[in-house]
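Please read the following report alongside the sequence and the coordinates shown here. Its topics are strand pairing and salt bridges.

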Amino acid sequence: MKKIFIAFLGLLAFTLNAQAQKKSGAIQFESVIDPVAAAEASGRQIPEEMKARMPKSIKANYELLYNATNASYMPVTETEDSNSGGGGRSGGFRFGGFGGGGNREYYYTFADQKVVEVFDMMDTTYVMPTKLAVAANNPMNGNAGRNNNQNNSAVQFLNVPPTVEVIKTEETKKIVNLDCKKVIIRTTRKAKVLDMEKDVVEETVLWYTNDLGFNFSPMPNLWTEGAVLAIEIKGGGTTAKSIEYRGVSNKDVTAPKKAVAITPEQYQAKMEAMMARFRNNNNRGQGGQTRAVIN
């Protein structure tokens, strides 16, 4: 009996130690997108000659570092596209937010469920608060949330708030040896398709696990619960490829303190001002009259 008790204690200690080791580690993600398929899924019409010049696929790699209290998610290698054979621009590829935001970094604090986004703009490093949520507009779609009236688009979205459904399923699968559940985010938006008003339905599939004990998503506004290990969209997706349980220091999962704080509203205002300057400069370059921008 004593030997059995000692063996039980040994097994319990081993189990607790294994669980403790899984409280920190690194997960490698890969994002793959077919630019043509993704663009056409958003309603854009691409000329055949342009399709021939576009890469068949673009890949980017990201890493999630986490410990018991915090996590960070950021690009780790150069982008690779199928036309160039690699050597793309450093820090990932940004296609409507694809892959988690190109050069952007995300920092997660588990205790209060806070998420901040760190990025460079105009030679300044900014830190902006965001949150884990279900987006009303699919952020992996470059036209999401905009009244798209470009001439090269067959779909013109109306300025009407979309409806979003979160559909839980019974489907499961293992990703990096973790049990994951499937959930579908279905977004319905009003649009004019060839001058006829229709509902445009988009579906994004998330695979999440509760085994890691924290909440996370490569794209914070594509999240329902748990840690999202895969995102599937038309024309591409992001998937966890490997996991390594190891020690992670707090400095690797803490947002830089020297960054300048900015709110989403301030960021939007800066982006609109930059676009206005770009349009004005473009008008001057074409010899056209400069129009005043009224806010």
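The sections below describe a predicted model, beginning with its strands and then turning to its salt bridges.

## Strand β2 and its burial

Strand β2 spans residues 58–66, and seven of its nine residues are buried, so this strand is largely enclosed by the rest of the structure. The cut-off behind that reading is a relative accessible area under 20%, below which a residue is called buried.

## Pairing of β2 with β1 and β3

Strand β1, which covers residues 25–33, pairs with β2 in the antiparallel sense, and the pairing runs over nine bridges. Within this pairing, Ile27 has Leu64 of β2 as its bridge partner.

Strand β2 also pairs with strand β3 (residues 70–75), again in the antiparallel sense, here over five bridges. Glu63 stands opposite Met74, a residue of β3. The connection from β2 to β3 is a hairpin, made through three residues. Strand β2 thus has antiparallel pairings with β1 and with β3.

## A salt bridge within helix α3

The structure contains 11 salt bridges, and one of them joins the side chains of Glu48 and Lys51, with an N to O distance of 3.3 Å. Both residues belong to helix α3 (residues 48–53), where they lie three residues apart, and because of that spacing they are separated by about one helical turn. Glu48 has a relative accessibility of 56% and therefore counts as exposed, the cut-off for that class being over 50%.

## Two further salt bridges

Lys190 and Asp199 form another salt bridge through their side chains, with N and O 2.9 Å apart. Lys190 has a relative accessible area of 34%, which makes this residue partly exposed, and Asp199, at 44% relative accessibility, is likewise counted as partly exposed.

Arg246 and Glu244 are also joined by a salt bridge, in which the closest N and O atoms are 3.4 Å apart. Arg246 counts as partly exposed, since its relative accessibility is 32%, while Glu244 is partly exposed with a relative accessible area of 44%. These four residues are placed in the partly exposed class because their values fall between the cut-offs of 20% and 50%.

Notes. Residues are numbered from 1 along each chain as its sequence is written. This is a predicted model: local features need pLDDT of at least 70, side-chain atom pairs count only at pLDDT 80 or more; totals for chains, interfaces and linings use all residues. Side-chain values use heavy atoms; hydrogens and water are left out. Buried means under 20% relative accessible area, exposed over 50%, partly exposed in between (1.4 Å probe, protein chains only). Helices (H or I, at least four residues) and strands (E, at least two) are DSSP runs, numbered from the N terminus. Two strands pair if DSSP finds at least two bridges between them. A salt bridge is a side-chain nitrogen of Lys or Arg within 4 Å of a carboxyl oxygen of Asp or Glu.
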